[in-house]
Amino acid sequence: MRALGEKCAGALFCLCMSVFAQLPAEAQPQRRTIEVNTGEDWHHQHTGATMPARLGGFDRQYIRDLTENELDVFAQYKEVKARTRLTLFFYRAAVDNIPLWFDVANQSLRNNVDLLPGASEYSSSTFTPPGQFNASGMMAVYATDGGDFKSTGVAMLPLNGWIVKIRFTSAELTVAELASTLVPILNAIPWPEKISSGPPASKILPCKNRLKLVDKVGRIKPSMTDALIGGLMGIPADDEADANADKAKPVIYCRDPQDFGQFSIYRADGTKRGYLMPLGDAGRAISVDRNEIGGLIDGSQGNRYTPVLMQLDRNIVFPDLNKLPEPGTLMAATGDDAAISSVTTWPTSSGSTVTISVSPDEDQ
């Protein structure tokens, strides 16, 4: 996380601030069906890409959105006779990093023993997506031994700050046939004319050491200053930084080697200050990082760590913790109504709005 001064220098001009007694409760994503006529292509307004009525020989069954404004859209394609199904996703991730979300998706696929018993990796590689010049996409294909399917795979690529993902599972196609089908399907998708190439992708590796985490932590009583600092630190990089993104060195994540069961945690450039915990592979996450600024301002002697629930359109900040928590503890620390501030991250064109939920009466 960049220093506060650097982070806000280009963003404060568009910062809107509003103070409310309490942030609204975050509802779980609600699936809605997007109505499209049979045989008609559907265009995604934010990326300019298209979910065609027919893709790679498969007919589109439906299009659904897990948000109200097309931030997490997917289309199901199916060929009934061949017992093959394809799902195409367009979504905006809280962190724009293909290796991170591909690793989460790949691990989930490998660990889904109920659906895919005996899955073994057939191939895993990077590829250059249509309209791009770097090998910014990643794909993996698996053979399955037993169960209802013969093969399965996942491919993921960047698209102008968004993520495109394909999941492909077949009861008829061999693993070699499925592997040879993925790239032609990608080429058949109607892409926008202007595409900025993503950075070269590389496989995420285990971190060289383990974070020291604890399961019992305490919350530090928040002040309005804490809420404001948390909100400002969650403001996305300004437009100038975005324009020079292709010149900047991309963040390299490593996966902490500890076994946390259903959770995997990732550390940006191997940091020991905190970590990112994806909530599935669809762009949502929780982060926790050491907050140096808060300690300097209020004179805290010990370290303090700020948990943030990262949604597709906003970052929600919770009270600082006195120790770096284990994943389950971090989940609990962002699962109640104790949020102290939030900052919008979408739409980017209208700047960021910071909402403070610590009232002046509490700031004593």
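Strands β7 and β8 pair in the antiparallel sense, with 8 bridges between them. The model is predicted. Within this pairing, F74 has F89 of β8 as its bridge partner. On another side of the pairing pattern, β7 joins β6. These two strands also run antiparallel, and 6 bridges connect them. Here Y62 is matched with Q76 of β7. The connection from β6 to β7 is a hairpin, with 6 residues between the strands. In that turn, E70 has a positive phi of about 65°.

How many of the 8 residues of β7 are buried? The count is 6, so β7 is largely enclosed by the rest of the structure.

Strand β8 leads on to the nonpolar interior. It spans residues 84-91 and gives two or more residues to the largest nonpolar core. That core has 33 residues, and L100, W101 and M156 touch the most other members. Which elements give two or more residues to this core? Besides β8, they are α2 (98-111), β10 (137-143), β11 (151-159), β18 (305-310) and β21 (353-356). Helix α2 gives the most, with 7 residues.

W101 deserves a look of its own. Leaving aside neighbours within four places in sequence, W101 is in contact with Y91, A93 and V95, among others. Its contacts also include M156 and I163. Further along the chain, the list takes in P278, G280, D281, G283, R284 and A285. Apart from this core lies another one, of 30 residues. Among its members are M51, L55, L159 and I185.

Next come the covalent links. A disulfide is a covalent bond between the sulfur atoms of two cysteines. The structure holds 1 disulfide. C207 and C254 form it, with their sulfur atoms 2.0 Å apart. The link is right-handed, with 95° about the S-S bond. Where do its two ends lie? C207 is in the loop between β13 (205-206) and α4 (224-233), while C254 is in strand β14 (residues 253-255). The two cysteines are 47 residues apart, and the pair links distant parts of the chain. Are C207 and C254 buried or exposed? Both are buried.

Charged pairs add further links. Side chains of opposite charge can pair when their charged atoms come close. A search of the whole structure finds 13 salt bridges. One of them joins R32 and D65, with the closest N and O atoms 2.9 Å apart. R32 sits in strand β2 (residues 32-33) and D65 in strand β6 (residues 58-65), the strand that pairs with β7. These partners are 33 residues apart, and they link distant parts of the chain. Their surroundings can be set side by side. R32 counts as partly exposed because its relative accessibility is 32%. D65 counts as buried because its value is 0%.

A second salt bridge brings together the side chains of E172 and R83, at 3.0 Å from N to O. E172 lies in the loop between β12 (162-170) and α3 (175-188), and R83 lies in the loop between β7 (72-79) and β8, so the bridge ties together parts that are 89 residues apart in sequence. E172 is partly exposed, with a relative accessible area of 34%. R83 is partly exposed too, at 49%.

A third pair is R219 and D336, whose side chains meet at 2.9 Å, N to O. R219 lies in the loop between β13 and α4, and D336 in the loop between α7 (327-333) and β20 (341-344), so this bridge ties together parts that are 117 residues apart in sequence. The loop between β13 and α4 is also where C207 is found. R219 is partly exposed, with a relative accessible area of 39%. D336 is likewise partly exposed, at 35%.

Some salt bridges share partners. Which residues do they join into one network? They are R273, D289, R290 and E292. D289 belongs to strand β17 (residues 285-290). The side chain of D289 makes a polar contact with the side chain of R273, at 3.4 Å. Why does D289 count as buried? Its relative accessible area is 13%, and buried means under 20%.

Conventions: Residues are numbered from 1 along each chain as its sequence is written. This is a predicted model: local features need pLDDT of at least 70, side-chain atom pairs count only at pLDDT 80 or more; totals for chains, interfaces and linings use all residues. Side-chain values use heavy atoms; hydrogens and water are left out. Helices (H or I, at least four residues) and strands (E, at least two) are DSSP runs, numbered from the N terminus. Buried means under 20% relative accessible area, exposed over 50%, partly exposed in between (1.4 Å probe, protein chains only). A polar contact is a pair of N or O atoms within 3.5 Å; within protein, one must be able to donate a hydrogen and the other to accept it, and residues adjacent in sequence count only if both atoms are side-chain atoms. A nonpolar core is a set of buried Ala, Val, Leu, Ile, Met, Phe, Trp, Tyr and Cys residues joined through side-chain atoms within 4.5 Å. Contact means heavy atoms within 4.5 Å. A disulfide is a pair of cysteine sulfur atoms within 2.5 Å. A salt bridge is a side-chain nitrogen of Lys or Arg within 4 Å of a carboxyl oxygen of Asp or Glu. Two strands pair if DSSP finds at least two bridges between them.
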